[in-house]
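Here is a walk through one chain, piece by piece. Have the structure open beside you as you read.

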Amino acid sequence: MAYHKVNADQRTQGQYLDSDDLQATALELEWDMEKELEEPGFDHFRLDGAVQHHLGNSQSPDLDLEPIQPSASPKGRFQRLQEDPEYISHYSRQSPKSHRCSFFQILKVFCAALILFIFGIVIGYYAGKKCPSPPASPEPNSTHNYHEILKEIKAENIQQIYRDLLKSPREDDVDAAMKILLQWTSHGLEDVRLQCSKVTKTLHSQDLLYSYAAYSAKGTLEAELVDIQYGTIEDLMRIQTTTNVTKKIALLKLGQSPLLYKLSLLEDAGFGGVLLYVDPCDLPKTTDLADKAFMVSLNSGGDPSTPGYASIDGNYRQHRLNLTTLLVQPISASLAKKLAFIPENRVQKDKCVPVQMSSTDKKIISLSIQSITTYKTISNVIGYLKGSVFPDRYVIIGSHHSSLNAYDGQEWASSTAIITAFIQALMLKVKRGWRTDRTIVFCSWGGTSFGNIGSYEWAEDLKRVLQRNVVAYVSLHNPVRGNSTLHPIASPSLQQLATESQSINCVEKTECPGSNVSSVQTQGDSDYFINHLGVPALLFSYEDINTSENASFLSEALFPMHAMRTEELDPSFKLHENIAKFSGHATLQIANEPVLPFNALDIALEVQNSLRVFLGEEVDASQLLAVASRLRDTAELFQSDEMRPANDPRERAPIRVRMLNDVLQSLEKSFLVQQAPPGLYRNILYRLDERTSQFSVLLEALEHCKLHQSNETIQAALSEVLNSISSAQVYFKAGLDVFETTLAGKK
């Protein structure tokens, strides 16, 4: 795994230190802790020269916590305290003094004030220009900065970047990564690096067939075809009452639940092979993919040869060519209809008829899988904009570039064009002296199609640092997959911010979109950050309206797309512009607000709602409900008593803000369970899909009990959920106790 450091074209003069004096770190955020302690800030940081590092020799950074300055914004997640007449202030702080004025300038202002009655407003005006005093309320200025940046994001710029990315043919993802690196550097991003890693990648021997399951078992099987529809627990129970499924071949539809979960059920049931297809009735009417096959990945995440640890030089590689014992082959819907003996005259003109075999039909087929496992280079492009106040807190915004020329179509270029346009707009403001408080890390991931390999390997290598420092993840995965409706997804603590970000283009309240943000499982490179680090995440995307309740998880199928697909969906690139502005606004808020815009109470409410919908009379959940009630009470106290004072500029003690943000940053980590069924999130705050409001692990456990006639699974799942909720309640309470101790000490 190699790193290439590239000089930025634009630097602030006198702001950096020669990189020869710095150690290379795995996170690529390089500064010397000892010098940090002597000289706070990044005024001494500089990148100089192109240097190559091998990740195997890199060290995890131990970053210094810079002194925190009073915040620039009087608002956080709540209204100003000065608007609440019943609130009693606990602190009184003197207004900060300006340190930018020289003694001579201060003297001039003082003298000008003494003779103001002689010279009048003119002298006072010019004296004020030479030595301005800090504004009483800098919030409008912060908002103005956001608007200035976002207005530079234009549809025509995104379209031009998009077309530039697609101009030259690419042999592999390294070519795309190098092009992205050059673009980001040309826009002035200070520190852009290329990370390369060799990982296992399963390819079909004839890629032009566009149809294979990466990491499927290999071999040949001749057996009866069994139609199991969507492969749900009910489907399996129905089939097993009439058929011995051992070593049979399942005809399986994508949708309703994650593919890896369904395959695990089929594997446990004894099936030997699977034919996958997408039922046309589950697709939007505007989409015609009946004659097209597709590709899927059976990899849950990262390089399969290094499970749970980074794929870097020197690490042991396990021999894991196949990730399932099943022979898995995707097929087109047209072929599935032929195998199911569905004649053409059964297709009704105005109504879609789902594919289904007759219970009396018997068909023996031969399935042969001969895939080739090889090592390929996966590249990530990582760029950094160092924060000025909290440089050791990172907001990650991630897109991805193509690993499969035939399958990704132009979607990867949409994702990359949006993040590049945001960088371009942001750096225009940075060149004029403005900078975010927290560090923004821009990522373009490689290997996404094969199981989010690039993001997993980068995060696994830097896990300890990221656990401590990452604040949030903003995803740009597949941003324009349709053009009918905006579909925002956010973890509970970020749902309010996602709703606010949608309203940035509103002129009047009636024109603003309603709150339609949900916390559901999604595809993309945010997976590791959500499920292994417990990082709050959000994603904005456009998609086509589809009334089918089975449409969830269809994006697991990667269809070959023709070159004009993206421009047909969004010819004006206005949808791309909207996504860039929504995502950019959320990123700027998280990176620059003094108090992180996370909502603790929303998490507690999500927990209570998930339990109330799920429980009913099926299990005794009195203990769960009691703990959830205590969590809500603690969250309400925490949010009112601790977050509101930190949002008042008159009371905003730097140490208090830092303590509060440390608590907010880790709100969701308590909800990571040790293990979850394949394909289901370890972060239990996310629901399976839009149709379900229950905790996914509890819903799955109940279904599993029906299949195996045992309560062992549900008891284990209940214990996991109980421990998560209890841990979160203790964590919130500990935060309150720390603040109360601080207040007592001050008194």
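A residue counts as buried here when its relative accessible area is under 20%. Keep that cut-off in mind for helix α19: nine of its 12 residues fall on the buried side, so α19 is largely enclosed by the rest of the structure. One caution before going further: this is a predicted model.

**The chain as a whole**

The secondary structure comes to 21 helices and 18 strands. Of the 747 residues in the chain, 58% count as buried. Looking at contacts with a separation of 6 or more, 84% of them come from residues 24 or more positions apart.

**Helix α19 and the loop after it**

Back to α19, then. From its first C-alpha to its last, this 12-residue helix reaches 16 Å, close to the 16 Å expected at 1.5 Å a residue. Its buried residues are R656, V657, R658, M659, L660, N661, V663, L664 and Q665.

Between α19 (654–665) and α20 (696–708) runs a loop, and S670 sits in it. Is S670 buried or exposed? Its relative accessibility is 16%, so S670 counts as buried. Leaving aside residues up to four places away in sequence, S670 touches S724, S727, A728 and Y731. Take S724 from that group: it lies 54 residues from S670 along the chain, yet the two C-alpha atoms are separated by 5.5 Å.

**Another serine, this time in a helix**

S583 belongs to helix α16 (residues 574–592). With a relative accessibility of 2%, S583 counts as buried too. Beyond residues up to four places away in sequence, S583 touches V474, L476 and F540.

**Helix α7 and what covers it**

Helix α7 (residues 233–240) has I233, D235, L236 and I239 as its buried residues. They span an arc of only 160° around the axis, so they lie on the same side of α7. The cover over these buried residues includes β5, α8 and α20.

How do α7 and α20 lie against each other, roughly parallel or roughly antiparallel? Their axes come within 10 Å and cross at roughly 5°. The two helices are therefore roughly parallel. On the α7 side the contact is made by I233, E234, M237 and Q240, and on the α20 side by E703, K706 and L707.

**The five-stranded sheet**

Strands of a sheet pair through backbone hydrogen bonds, either parallel or antiparallel. One open sheet here has five strands in the order β9-β7-β6-β5-β10, with mixed pairing. Its edge strands are β9 (327–330) and β10 (364–369), each of which pairs on one side only. Neighbouring strands of the sheet are turned by 35° against each other on average, direction ignored.

Helix α8 (residues 259–269) packs on this sheet, where it touches β6 (249–253), β7 and β9. The direction of α8 makes about 155° with that of β6.

At one edge, V274 stands opposite V328 in β9. At the other, L221 has L367 in β10 as its bridge partner. Strand β10 has two faces: I365, L367 and I369 make up the covered one, while I364, S366 and S368 are on the uncovered one.

**Strand β13 and its partners**

Which of the eight residues of strand β13 (residues 438–445) are buried? Eight of the eight are, so β13 is largely enclosed by the rest of the structure. This strand pairs with both β11 and β12. On the β11 side, L385 stands opposite I440 in β13. On the β12 side, S399 has S444 in β13 as its bridge partner.

Here are the strand pairs from these last two sections.

| Strand | Partner | Sense | Bridges |
|---|---|---|---|
| β7 (residues 273–277) | β9 | parallel | four bridges |
| β5 (residues 219–227) | β10 | antiparallel | six bridges |
| β11 (residues 371–385) | β13 | antiparallel | five bridges |
| β12 (residues 390–400) | β13 | parallel | eight bridges |

To pull two threads together, α19 is largely enclosed by the rest of the structure, and β13 is described in those terms as well. In α7, by contrast, the buried residues are on the same side of the helix.

Terms used
Residues are numbered from 1 along each chain as its sequence is written. This is a predicted model: local features need pLDDT of at least 70, side-chain atom pairs count only at pLDDT 80 or more; totals for chains, interfaces and linings use all residues. Side-chain values use heavy atoms; hydrogens and water are left out. Buried means under 20% relative accessible area, exposed over 50%, partly exposed in between (1.4 Å probe, protein chains only). Contact means heavy atoms within 4.5 Å. Two strands pair if DSSP finds at least two bridges between them. Axes are lines fitted to C-alpha atoms, for helices over the stretch in contact, and angles run from 0 to 180 degrees between N-to-C directions. The arc is that of the directions from the helix axis to the C-beta atoms. The expected span of a helix is 1.5 Å times one less than its number of residues. Angles under 35 degrees count as roughly parallel, over 145 as roughly antiparallel, 65 to 115 as roughly perpendicular and the rest as oblique.
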